[in-house]
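Here are my notes from going through this one. Have the viewer open while you read, and skip around as you like.

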Amino acid sequence: MTLDKVAPGQGGVITQVGGEGVLRRRLLDMGLTPGTRVSVRKIAPMGDPIELFLRSYVLTIRKEEAANIAVEGVGETALPRAAERRPEPAEAGGRPAERRRGRWGR
């Protein structure tokens, strides 16, 4: 299955990165390498682009680029906490951001 066919909230392991020349090199440079776990976070309302989570960061690519990436073991994946919305300091029980001071009290 290719990455453009994976539904949001699902993911798998990259098995092959297709494409030619500059496109393939660009995908590999962005971390889309064989053996990497990848999850689809969101798909835009019109279907393009696709937001992915891999290697502890979020990446957005076009649907036509995602069609060049083969994945296996597709299923439900629990996204790590880094992929979820981070709470504001006041929500997390800490001091509000405007009152927070650095190490030296400035």
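The points below go from the overall layout to single residues.

1. First, a reminder that we're looking at a predicted model. The protein holds two helices and five strands, and along the sequence they come in the pattern β-α-β-β-β-α-β. Of the 106 residues, 31% are buried. The accessible surface is about 7,200 Å², and carbon and sulfur atoms account for 49% of that. As for contacts with a separation of 6 or more, 58% are between residues 24 or more positions apart.

2. Now the sheet. In what order do the five strands sit? It's an open sheet ordered 4-3-2-1-5, and the pairing is antiparallel. Strand 4 and strand 5 are at the edges with a single partner strand each, so each has one side without a neighbour in the sheet. On average, neighbouring strands are turned by 35 degrees against each other, direction ignored.

3. A few pairings to check by eye. Strand 1 and strand 5 are antiparallel and share six bridges; Gln10 is opposite Glu76 of strand 5. Strand 2 and strand 3 are also antiparallel, over five bridges, with Ile43 opposite Ile50 of strand 3. Strand 3 is then joined to strand 4 by five bridges, again antiparallel, and there Phe53 has Val58 of strand 4 as its bridge partner.

4. Both hairpins involving strand 3 have a residue with positive phi. Between strand 2 and strand 3 there are six residues, and Gly47 in that turn has a positive phi of about 95 degrees. The hairpin of strand 3 and strand 4 has two residues between the strands, and Arg55 takes a positive phi near 50 degrees. If you're looking over the backbone, Arg55 is a non-glycine residue with positive phi.

5. Strand 3 itself: how many of its five residues are buried? Five of the five are, so the strand is largely enclosed by the rest of the structure. Both faces are covered, with Ile50, Leu52 and Leu54 buried on one side and Glu51 and Phe53 buried on the other. That split fits the usual rule that side chains in a regular strand alternate between the two faces of the sheet.

6. On to the packing. The largest nonpolar core has 17 residues, and those with the most contacts inside it are Leu3, Ile14, Leu32, Val38, Leu52, Ile61 and Ile69. At least two core residues come from each of strand 1 (10-17), helix 1 (21-29), strand 2 (37-43), strand 3 (50-54), strand 4 (57-61) and strand 5 (69-76). Strand 3 gives the largest share, three residues. In soluble globular proteins, nonpolar side chains tend to be buried together.

7. Ile69 is a handy place to look into that core. Beyond its neighbours within four places in sequence, Ile69 contacts Met1, Thr2, Leu3, Ile14, Gln16, Leu27, Leu32 and Ile61.

8. Ile50, in strand 3, is another good one to click on. Its relative accessibility is 2%, so with the cut-off for buried at under 20% it counts as buried. Not counting residues up to four places away in sequence, Ile50 touches Asp4, Val40, Lys42, Ile43, Leu59, Thr60, Ile61, Lys63 and Ala66. Ile50 and Thr60 are 10 residues apart in sequence, and their C-alpha atoms are 5.5 Å apart.

9. Two acidic residues are worth a look. Asp4 is in the segment before strand 1; is this residue buried or exposed? Asp4 is buried, at 15% relative accessible area. The Asp4 side chain makes polar contacts with the side chains of Thr2 (2.4 Å) and Lys5 (3.5 Å). Further along the sequence, Asp4 is in contact with Ile50, Lys63, Ala66 and Ala67.

10. The other is Glu65, in helix 2 (residues 63-66). Glu65 is buried too, with a relative accessible area of 4%. Setting aside neighbours within four places in sequence, Glu65 is in contact with Leu23, Arg26 and Leu27.

Technical notes: Residues are numbered from 1 along each chain as its sequence is written. This is a predicted model: local features need pLDDT of at least 70, side-chain atom pairs count only at pLDDT 80 or more; totals for chains, interfaces and linings use all residues. Side-chain values use heavy atoms; hydrogens and water are left out. A nonpolar core is a set of buried Ala, Val, Leu, Ile, Met, Phe, Trp, Tyr and Cys residues joined through side-chain atoms within 4.5 Å. Buried means under 20% relative accessible area, exposed over 50%, partly exposed in between (1.4 Å probe, protein chains only). Helices (H or I, at least four residues) and strands (E, at least two) are DSSP runs, numbered from the N terminus. Contact means heavy atoms within 4.5 Å. Two strands pair if DSSP finds at least two bridges between them. Axes are lines fitted to C-alpha atoms, for helices over the stretch in contact, and angles run from 0 to 180 degrees between N-to-C directions. A polar contact is a pair of N or O atoms within 3.5 Å; within protein, one must be able to donate a hydrogen and the other to accept it, and residues adjacent in sequence count only if both atoms are side-chain atoms. Accessible areas come from the Shrake-Rupley method with a 1.4 Å probe; for residues, only the protein chains shown count as cover.
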